[in-house]
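Please read the following report with the sequence and the 3D view side by side. It moves from the overall fold to the charged pairs, and then to the nonpolar parts of the chain.

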Amino acid sequence: QGFHVLHHPRVALRLQTGSLQVMAEYNLSAASSWLGIYIGAGVGGMYGDNRNTQIISYNAEAEAKGDGYHNVYSHAYIQSPRQHNSFTTLYLPALLTVEVGVLPNVALGLRGQYRWLPLNTDFAPKSLYGGSFLLRLSL
């Protein structure tokens, strides 16, 4: 019969710490009642904040010589500058989910996601990826 995609995607609005995304997922195995394979794509926005504190140690020495005197000065000190960097950027997520129905209203699954950040912003990563386990309840 060939490859066909379910005409009614499931659409999700996800709010996570520091990000908001809209994702549409399509079921590639619509004919199966116990197996679900979904691919998805969407758009999202991300905010990141970095407060970095560095401790820098300095040691300074100076020597002064003259007629009748010779002094050596030694001074050590620690500096702790605080840097505050943040970014706001757009990202494009891609998603692959495999779910197996274990009971009529319960499914277990695995999800992998890749987020590409097309805008070149300072302090933002170029891409993110991750995976998760799923427990889906249909109420």
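## Strands, pairs and patches

The protein chain holds 0 helices and 8 strands, and the model in which they appear is a predicted one. Read along the sequence, the pattern is accordingly written β-β-β-β-β-β-β-β. Of the 139 residues of the chain, 23% count as buried, while the accessible surface comes to about 10,300 Å², with 59% of that area belonging to carbon and sulfur atoms. Among contacts between residues at least 6 apart in sequence, 51% join residues that are at least 24 apart.

### Charged pairs

Side chains of opposite charge can pair when their charged atoms come close. How many salt bridges does the count come to? The count comes to 2 salt bridges, and the table sets out their partners and distances.

| Acidic partner | Basic partner | N to O distance |
|---|---|---|
| Glu 25 | Arg 111 | 3.9 Å |
| Glu 99 | Arg 136 | 2.7 Å |

The salt bridge between Glu 25 and Arg 111 can be placed on the strands, for Glu 25 lies in strand β2 (residues 19–27) and Arg 111 in strand β7 (residues 106–116), so the pair ties together parts that are 86 residues apart in sequence. Glu 25 has a relative accessibility of 3% and therefore counts as buried, since the limit for that label is under 20%. Arg 111, at 15% relative accessibility, also counts as buried.

The salt bridge between Glu 99 and Arg 136 likewise links distant parts of the chain, with Glu 99 in strand β6 (residues 82–103) and Arg 136 in strand β8 (residues 127–137), 37 residues apart. Is each partner here buried, or partly exposed? Glu 99 counts as buried at 7% relative accessibility, whereas Arg 136 is partly exposed, with a relative accessible area of 27%.

### Nonpolar residues at the surface

A nonpolar surface patch of about 1,200 Å² is made by a group of residues that includes Val 11, Leu 13, Leu 15, Leu 20, Val 22, Leu 90, Leu 92, Tyr 114 and Trp 116. Which strands each supply at least two residues of this patch? They are β1, β2, β6 and β7, and the largest share, 3 residues, comes from β1. One of the patch members, Trp 116, lies in strand β7 and is partly exposed, with a relative accessible area of 42%.

### Nonpolar residues inside

In soluble globular proteins, nonpolar side chains tend to be buried together. In this model the largest nonpolar core has 5 residues in all, namely Met 46, Phe 87, Tyr 91, Leu 117 and Ala 124.

Tyr 91 offers a way to see what surrounds this core. Leaving aside its neighbours within four places in sequence, Tyr 91 is in contact with residues that include Met 46 and Leu 117, both of which are members of the core. Its contacts also include Leu 20, Val 43 and Trp 116, which belong to the nonpolar surface patch.

Met 46 can also be related to strand β1 (residues 10–16), in which Gln 16 lies. Gln 16 and Met 46 are 30 residues apart in sequence and 9.3 Å apart in space, taken from C-alpha to C-alpha. Gln 16 itself counts as partly exposed, at 37% relative accessibility, whereas Met 46 is a member of the largest nonpolar core.

How values were computed:
Residues are numbered from 1 along each chain as its sequence is written. This is a predicted model: local features need pLDDT of at least 70, side-chain atom pairs count only at pLDDT 80 or more; totals for chains, interfaces and linings use all residues. Side-chain values use heavy atoms; hydrogens and water are left out. A salt bridge is a side-chain nitrogen of Lys or Arg within 4 Å of a carboxyl oxygen of Asp or Glu. Helices (H or I, at least four residues) and strands (E, at least two) are DSSP runs, numbered from the N terminus. Buried means under 20% relative accessible area, exposed over 50%, partly exposed in between (1.4 Å probe, protein chains only). Contact means heavy atoms within 4.5 Å. Accessible areas come from the Shrake-Rupley method with a 1.4 Å probe; for residues, only the protein chains shown count as cover. Patches are made of residues with over 30% relative accessible area and no salt bridge: like charges are joined within 9 Å, nonpolar side chains (Val, Leu, Ile, Met, Phe, Trp, Tyr) within 5 Å. A nonpolar core is a set of buried Ala, Val, Leu, Ile, Met, Phe, Trp, Tyr and Cys residues joined through side-chain atoms within 4.5 Å.
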